[in-house]
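Here is a quick tour for anyone opening this structure for the first time. Keep the 3D view at hand and follow along, section by section.

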Amino acid sequence: MEVFEAIEKRFSCRDFKDERIKRDELNKILEAGRLAPTACNNQPELIYVVESEEGLEKLKKASKYTFNSKTVLVVCYNTNASWHRRYDMKDHGNIDASIVAENMVLEATALGIGSCYVCALKPDALKEELEIPEEYEVVCMLPLGYPKELKPHNSRKPLKDIIIYK
C-alpha cells in the first residue's frame, strides 16, 4: 500500500475481531515506530505492548477505550531524554511520541490492521498499573486489531479552509 493510500484508508477503529495480531505484523508496526523521526534524534519513546489478559484488565483502570482489543500499545516518552527547545525549554517529547504513534498507525493500516489513537486516559493510573518509571510521560494508547468492518474517514474540511499561503 502506498503511503497516501494508507493515510486515506486510516480510520479510528473501535470494533475489532476477537483474534490476536500476528507477531510478524506487530513487529512491523513496532519497527515503523522505531524509525520515526524525533527532535535531535533523541529517540525518547518507550512503547509498552500490552497483550496479556491481566495487562489488558489493568488498562481498563485508566481508560474505558480499549475497545476489547487483544493488543494495546501504550506510547510514552522519557522527559530526561526528550529534546527541550533552548529559548523557552518547551519539551518536544509529546510531539516525538505522537509521531512514533502515527508511524505505527499508518503501518497498521497498510497491513489491514485497525487502530485508534486514544488520549482519553488517566496517565497516573497507567503509570501505576504498568509500573512505568517516574521520568516517563504517557502520551496515548493505541488499541490494535483486525477491524470487524472498514469505515470511511469522517468528513474533512476542504484544503482551502486550513491552508494560508503568504
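## What "buried" means here

A residue counts as buried when its relative accessible area is under 20%, and as exposed when that value is over 50%. The model you're looking at is predicted.

With that in mind, start with strand S2: eight of its eight residues are buried. Thr71, Leu73, Val75 and Tyr77 point one way from S2, while Val72, Val74, Cys76 and Asn78 point the other way. That fits a general pattern: in a regular strand the side chains alternate between the two faces of the sheet.

## The sheet around S2

So what order do the strands take? They form an open sheet of four, ordered S1-S2-S4-S3, with antiparallel pairing. The edges are S1 and strand S3 (114-115), each of which pairs on one side only.

Now walk across the sheet. S1 and S2 pair over six bridges, and valine 50 stands opposite valine 72 in S2. S2 and S4 share eight bridges, again antiparallel; here valine 75 faces cysteine 140 in S4. At the far side, two bridges join S3 to S4, with glycine 114 partnered by glycine 145 in S4. Helix H2 (residues 23-34) lies across S1, S2 and S4, and runs at about 165° to S1.

## Two nonpolar cores

The largest nonpolar core has 22 residues, and Leu59, Val74, Leu126, Leu130 and Met141 have the most contacts inside it. Elements giving two or more residues to this core are strand S1 (45-50), helix H3 (53-59), S2, helix H5 (123-130) and strand S4 (136-145). Apart from that core lies another, of 19 residues, with Ile21, Ile29, Ile113 and Cys140 among them.

Take methionine 141 as a way into the largest core. Leaving out residues up to four places away in sequence, its contacts include Leu59, Val72, Val74, Cys116, Val118 and Leu126.

## Helix H5 and what comes after

Which residues of H5 are buried? Ala125, Leu126, Lys127, Glu129 and Leu130 are. The buried residues of H5 pack against S1, H3, S2 and S4. Right after H5 comes glutamate 131, and its phi is positive, near 55°.

## A tilted aromatic pair

There's one aromatic pair to find. Tyrosine 65 and phenylalanine 67 make it up: the rings are 5.9 Å apart centre to centre, the planes are 45° apart, and the pair is tilted.

Are the two partners buried or exposed? Phenylalanine 67 is buried, because its relative accessible area is 18%, under the 20% cut-off. Tyrosine 65 has 32% relative accessibility, so it counts as partly exposed. Tyrosine 65 also turns up among the contacts of methionine 141.

## Serine 82 in its loop

Last stop: the loop between strand S2 (71-78) and helix H4 (93-110), where serine 82 lies. Serine 82 has a relative accessible area of 5%, so it counts as buried.

What does the side chain of serine 82 reach? The backbone oxygen of threonine 79, at 3.4 Å. Setting aside neighbours within four places in sequence, serine 82 is in contact with Asn42, Pro44, Tyr77, Asp91 and Gly93. You've already met Tyr77, one of the buried residues of S2.

Note on methods
Residues are numbered from 1 along each chain as its sequence is written. This is a predicted model: local features need pLDDT of at least 70, side-chain atom pairs count only at pLDDT 80 or more; totals for chains, interfaces and linings use all residues. Side-chain values use heavy atoms; hydrogens and water are left out. Buried means under 20% relative accessible area, exposed over 50%, partly exposed in between (1.4 Å probe, protein chains only). A polar contact is a pair of N or O atoms within 3.5 Å; within protein, one must be able to donate a hydrogen and the other to accept it, and residues adjacent in sequence count only if both atoms are side-chain atoms. Contact means heavy atoms within 4.5 Å. A nonpolar core is a set of buried Ala, Val, Leu, Ile, Met, Phe, Trp, Tyr and Cys residues joined through side-chain atoms within 4.5 Å. Two strands pair if DSSP finds at least two bridges between them. Axes are lines fitted to C-alpha atoms, for helices over the stretch in contact, and angles run from 0 to 180 degrees between N-to-C directions. Rings of Phe, Tyr and Trp (its six-membered ring) pair if their centres lie within 6.5 Å; planes under 30 degrees apart count as stacked, over 60 as edge-to-face and the rest as tilted.
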